[in-house]
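Student: I should like to examine this structure through a series of questions. May we begin with the charges and then proceed to the overall form and one particular residue?

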Amino acid sequence: MKSILIIGMGRFGRHLCRNLSVLGNQIMIVDEKEENLEEMLPYVVSAKIGDCTNEAVLGSLGIDNFDLCFVCIGTNFQSSLEITSLAKEMGARYVVSKANRDIHAKFLLRNGADEVIYPDRDIAEKMAVRYSANHVFDYIELTDEFSIYEIPPLAEWVDKSLKELSIRNRYHISILGTKEGEQAKLMPPADYVIRRDEHLMVIGRKEDVDKILRQIP
């Protein structure tokens, strides 16, 4: 459990808040508009109306007491930059700022952000991979080289164990888990037998996964 400050309750900030709350974190939220805070009250321990570009407002939050500070302002880059810089000057331990463009990210990193996230770009990339490739049900990019894919099993894999198939040696991928509906099982043992109606969560290089996908009718 971590103590987290989220500045900016736009669409992304609200989604972030809900998910962090479900994971058991203690959250404080801040926004200029009271109506943006009201629906989030069940998920947080504290909410405050205020403009965080104002040093007095930001200083009143005790920003150095939080494990993480998220600056989720996407519509006003100048405000995002000012808040990021002020937060770091006031002792914020780790600042994660939202960016929409590469040039914004560069300025945020130069002015105190420990990390910059591109939620819109990341979602667009994920959707592009998912919908341009047949049989990819989900996708997570880890590095430029490796990603995690949710794919169906090849016909010749069904009713055979992982040990019997020797998938890592033959196909150069590793199976991280299986998924049937919303039920996922991670790290299956070597004697696990693959079923026809389940999906496999695999990690590998794009070219190796593509070779597998081309074998699926």
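Student: How far apart are the mean positions of the positive and negative charges of the chain?

Tutor: The model is a predicted one. The chain carries 27 positive and 34 negative charges. When the position of each set is averaged, the two means are separated by 5 Å.

Student: What radius of gyration does the chain have, against that of a compact globule of 217 residues?

Tutor: For a compact globule of 217 residues, a value near 17 Å would apply. The C-alpha trace spans about 65 × 35 × 30 Å along its principal axes. The radius of gyration of the chain is 22 Å.

Student: What percentage of the residues of the chain count as buried?

Tutor: A residue is called buried when its relative accessible area is under 20%. Applied to the 217 residues of the chain, this criterion gives 42%.

Student: Is Asp-51 buried, partly exposed or exposed, and why?

Tutor: Asp-51 lies in the loop between strand S3 (46–49) and helix H3 (55–59). The partly exposed class runs between the limits of 20% and 50%. Because the relative accessibility of Asp-51 is 31%, this residue counts as partly exposed.

Student: With which side chain does the side chain of Asp-51 make a polar contact?

Tutor: Leaving aside residues up to four places away in sequence, Asp-51 touches Glu-32 and Val-57. Glu-32 is 19 residues away in sequence, with a C-alpha to C-alpha distance of 5.3 Å from Asp-51. The polar contact, at 2.7 Å, is with the side chain of Thr-53.

Terms used:
Residues numbered from 1 in each chain as written. Predicted model: local features only at pLDDT ≥ 70, side-chain atom pairs only at ≥ 80, totals over all residues. Heavy atoms only, no water. Rg over C-alpha atoms; globule rule 2.2 N^0.38 Å. Buried < 20%, exposed > 50% of the residue type's maximum accessible area, 1.4 Å probe, protein only. Lys, Arg positive; Asp, Glu negative; His and termini not counted. Charge placed at Lys NZ, Arg CZ, Asp CG, Glu CD. Helix = DSSP H or I, 4+ residues; strand = E, 2+ residues; numbered from the N terminus. Contact = heavy atoms within 4.5 Å. Polar contact = N/O pair within 3.5 Å; in protein donor to acceptor, adjacent residues only side chain to side chain.
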